[in-house]
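Here's a quick briefing on a few local features worth a look before you set anything up. Have the viewer open and follow along.

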Amino acid sequence: MSALPPVVDQQTWRTALDDLRTREKAATRELDAIAAQRRRLPMVRMPDYTLIGPQGPVRLADVFEGRNQLIVYNHMWTDGEQWQCPGCTGFTSQFTRLEFLDHYDARFVIVTNGPIEEALAYKAKVGNKMDWYSSSQSSFGADVDAAPGDGFAVNVFLRDGDGQVYRTWHTNGRGTEQLSHSFALIDVLPWGRQEEWQDSPDGWPQHPTYSGWADSPEIARRYGEGPTLHT
């Protein structure tokens, strides 16, 4: 096998690790500084949107369910499709235990532009654990940079005491990776993500980008709630 790091003695390995640790610690401090800047961002007042939840229409302010902070993942959606975006499906499948956010006065939900009936059926089919809402009857998706057919996003909102909602942060693309544990785990492996765009030593296994990602049918087979999906 050619995809092997060089074998060295313990002290040489420790020296190389210490060199890397210097950069890792610098990156950690930079992320702390970025987070501090994020906490100082101004915010934008939002209209009084009405979304559609499992029980029917619900004000955006009420999606907070009594908390003051809300993270929204805007899930890509194509009406009538059997399988929705595999990237969105895989990303959101990671989040199975979100109760800890209660201690931070926060909630994390999915909003999609699709019809709520289709959205809830898809949620069950792929075994998603987050609460889903639909913005199909409002301009909410378009107004937060996740218009129908226009991709995915993460948006964060703050609710003040009288129910007024403000938009505080947004990201999309690879900006969402910071919320994911899967890439963090893969990136500490000797071979990394094994995608062809990555800077890797000669001989390292590399494959087309996204080829290692689980597609939506695989996620449904592993986690879906349907009676035949675990076979």
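What follows covers a strand pairing, a pair of cysteines and two backbone oddities in this predicted model.

**The hairpin**
- Strand S2 (residues 50–53) and strand S3 (residues 56–59) run antiparallel, with four bridges joining them.
- Just two residues sit between S2 and S3, and the two strands make a hairpin.
- If you want a spot to check the register, Ile52 has Pro57 in S3 as its bridge partner.

**The cysteines**
- The disulfide count is zero.
- Why no bond at Cys85? Its closest cysteine sulfur, in Cys88, is 3.6 Å away, which is too far, because a disulfide needs the two sulfur atoms within 2.5 Å.
- Both residues are tucked away from the probe: Cys85 is buried at a relative accessible area of 19%, and Cys88 is buried too, at 1%.

**Positive phi outside glycine**
- As background, most residues other than glycine have a negative phi.
- Glu65 goes the other way, with a positive phi of about 50° even though it is not a glycine.
- You'll find Glu65 in the loop between helix H2 (60–63) and strand S4 (69–75), where Glu65 is partly exposed, with a relative accessible area of 46%.
- Gln194 is another non-glycine residue with a positive phi, this one near 60°.
- The loop between helix H6 (182–187) and helix H7 (216–223) holds Gln194, and Gln194 is partly exposed as well, at a relative accessible area of 23%.

Definitions and conventions:
Residues are numbered from 1 along each chain as its sequence is written. This is a predicted model: local features need pLDDT of at least 70, side-chain atom pairs count only at pLDDT 80 or more; totals for chains, interfaces and linings use all residues. Side-chain values use heavy atoms; hydrogens and water are left out. Two strands pair if DSSP finds at least two bridges between them. Buried means under 20% relative accessible area, exposed over 50%, partly exposed in between (1.4 Å probe, protein chains only).
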